[in-house]
Amino acid sequence: MVLETEETMTDWIEIDRDEKHIAHEKAKAKELRKSGWWKQQLAVGLCHYCGQKFPPEELTMDHIVPIVRGGKSKKGNVVPACKECNNKKKYLTPVEILMNQTDSPEPEKSES
Ligand SMILES: [Zn+2]
């Protein structure tokens with residue numbers, strides 16, 4: 001008898017399941033980009049991360065909580081970021097650190 005427990009690996013991949021969310025939020029980000037609010041952010045020109053001032057064309061729209069992680073395209077989660085910070089952020093974010101902490105619960109091996 002073979003127990004069918006091999007499929008648990010697929011539980012790790014949630015991106016497929018969130019495809020609708022991603023498509024939806026990406027569309028919303030596009031809309032937000034056209035909004036007066038966003039244009040104002042660009043006019044101010046401050047990078048959310050390094051706090052330096054940049055011309056609008058140097059700034060990108062960044063999601064503090066990435067869409068793929070369930071983040072939404074709305075004020076508060078969407079910030080202007082300079083290209084450099086945006087690139088850096090891909091490797092390490094405060095959210096990433098948090099996620100890493102919650103994703104890997106400490107292995108509690110009872111020694112009883
Ligand atoms: Zn920056």
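This is a guided tour of a predicted protein model, one selection at a time.

**Before you start**

Residues are counted from 1 along each chain, in the order in which its sequence is written. Because the model is predicted, local features need a pLDDT of at least 70 and side-chain atom pairs count only at pLDDT 80 or more, while totals for chains, interfaces and linings use all residues.

**Whole chain**

Select the protein chain and show it as a cartoon. It has 4 helices and 2 strands; helices (H or I, at least four residues) and strands (E, at least two) are DSSP runs, numbered from the N terminus. Followed from the N terminus, the order is α-α-β-β-α-α.

Next, colour the chain by pLDDT, the predictor's confidence in each residue, from 0 to 100. The average is 80, and 63% of the residues score at least 70. Helix 2 (residues 36-44) has the highest mean pLDDT of the elements, 97. The lowest mean, 61, belongs to helix 4 (residues 94-103).

Of the 112 residues, 11% count as buried. A residue is buried if 20 or more other C-beta atoms lie within 10 Å of its own, exposed if 12 or fewer, and partly exposed in between, with C-beta atoms placed from the backbone. Two residues are in contact if their C-beta atoms, placed from the backbone, lie within 7 Å. Among contacts between residues at least 6 apart in sequence, 57% join residues at least 24 apart.

**Stop 1: helix 1**

Select residues 19-34, which form helix 1. Begin with Glu19, which lies in this helix. Glu19 counts as exposed because it has 10 C-beta neighbours inside 10 Å. Draw a distance from its C-alpha atom to that of Val68: the two are 49 residues apart along the chain and separated by 8.5 Å.

Move along to Ala27, also placed in helix 1. Ala27 is exposed, because 11 other C-beta atoms lie within 10 Å. Ser73 is 46 residues away from Ala27 in sequence, yet the C-alpha to C-alpha distance is 8.6 Å.

Now select Ala29 in helix 1. Is Ala29 buried or exposed? It is buried, because 20 other C-beta atoms lie within 10 Å. Leaving aside neighbours within four places in sequence, Ala29 is in contact with Met61, Ser73 and Val78. Asp62 is 33 residues from Ala29 along the chain, and their C-alpha atoms are separated by 9.5 Å.

**Stop 2: the loop after helix 2**

Select Gly45, in the loop between helix 2 and strand 1. Gly45 is partly exposed, because 15 other C-beta atoms lie within 10 Å. Not counting residues up to four places away in sequence, Gly45 touches Lys53, Phe54, Pro55, Pro56 and Leu59. Add Cys82 to the view: it is 37 residues from Gly45 along the chain, with 9.0 Å between the C-alpha atoms.

**Stop 3: the two strands**

Select residues 59-63, strand 1, and residues 78-82, strand 2. The strands run antiparallel and are joined by 5 bridges; two strands pair if DSSP finds at least two bridges between them. Which residue of strand 2 stands opposite Thr60? Select Ala81 to see the answer: Ala81 is the residue opposite Thr60. Finish with strand 2 alone, which is mostly covered, with 4 of its 5 residues buried.
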